[in-house]
Amino acid sequence: MSFYENLFVVRPDLTQAKVDELTAKYAKVIADKGGKVAKQENWGLRDLAYKIQKNRKAYYVLTYIDAPAAAIIEMERLMRLDENLLRYLTTKIDEIPEGASVMMEPKSRRAKEDKIELYQEILSASSIESL
């Protein structure tokens, strides 16, 4: 079996309970075809980068899947037919990452880490120029 990362975007007018039902529905499809959902993250209601079908916000759900290709094909077929989904993307990955994704970290922590990296790059670049 292979590892996959699947992200799908759900219409904002649905409730969180309905989003959870959709997630369970696709997890059941994977399980029925001999796979399993290794990890799942619900990112909640977030702003879209651009309007999709007149929507400015949507629910995001990320799942990491360990399943055969037939299970992924069936899940994507059902996703194409589901009117509640705005978009979905499934990619094959080498391994399932440990811990939470970057989107689950607090925003202030990510910004702080980015600033530290930037300062370190500036310091290393200025020390190279002085030599």
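These are my notebook entries on the cores and charged pairs of this model.

**Ground rules.** The model is predicted; I took local features at pLDDT of at least 70 and side-chain atom pairs at pLDDT 80 or more, while totals for chains, interfaces and linings use all residues. Residues are numbered from 1 along each chain, and side-chain values use heavy atoms, without hydrogens or water.

**Cores.** I looked up the largest nonpolar core (buried Ala, Val, Leu, Ile, Met, Phe, Trp, Tyr and Cys joined through side-chain atoms within 4.5 Å; buried is under 20% relative accessible area, exposed over 50%, partly exposed in between, with a 1.4 Å probe and protein chains only). It has 18 residues, and Phe8 and Tyr26 are among those touching the most other members. Helix α1 gives the largest share, 5 residues. I took helices (H or I, at least four residues) and strands (E, at least two) as DSSP runs, numbered from the N terminus. A second, separate core of 11 residues includes Trp43 and Tyr64.

**Salt bridges.** I found 6 (a Lys or Arg side-chain nitrogen within 4 Å of an Asp or Glu carboxyl oxygen) in the structure. Asp82 pairs with Lys25 at 3.7 Å. Asp82 lies in the loop between α2 and β4 and Lys25 in helix α1, so the pair ties together parts 57 residues apart in sequence. Asp82 is buried at 11%; Lys25 is partly exposed at 37%. Asp32 and Lys28 pair at 3.0 Å. They sit 4 residues apart in helix α1, about one helical turn.

**Asp66.** I checked this residue in strand β3. Asp66 is buried yet has no salt bridge; Lys36, the nearest side chain of opposite charge, is 4.8 Å away.

Technical notes
Lys, Arg positive; Asp, Glu negative; His and termini not counted.
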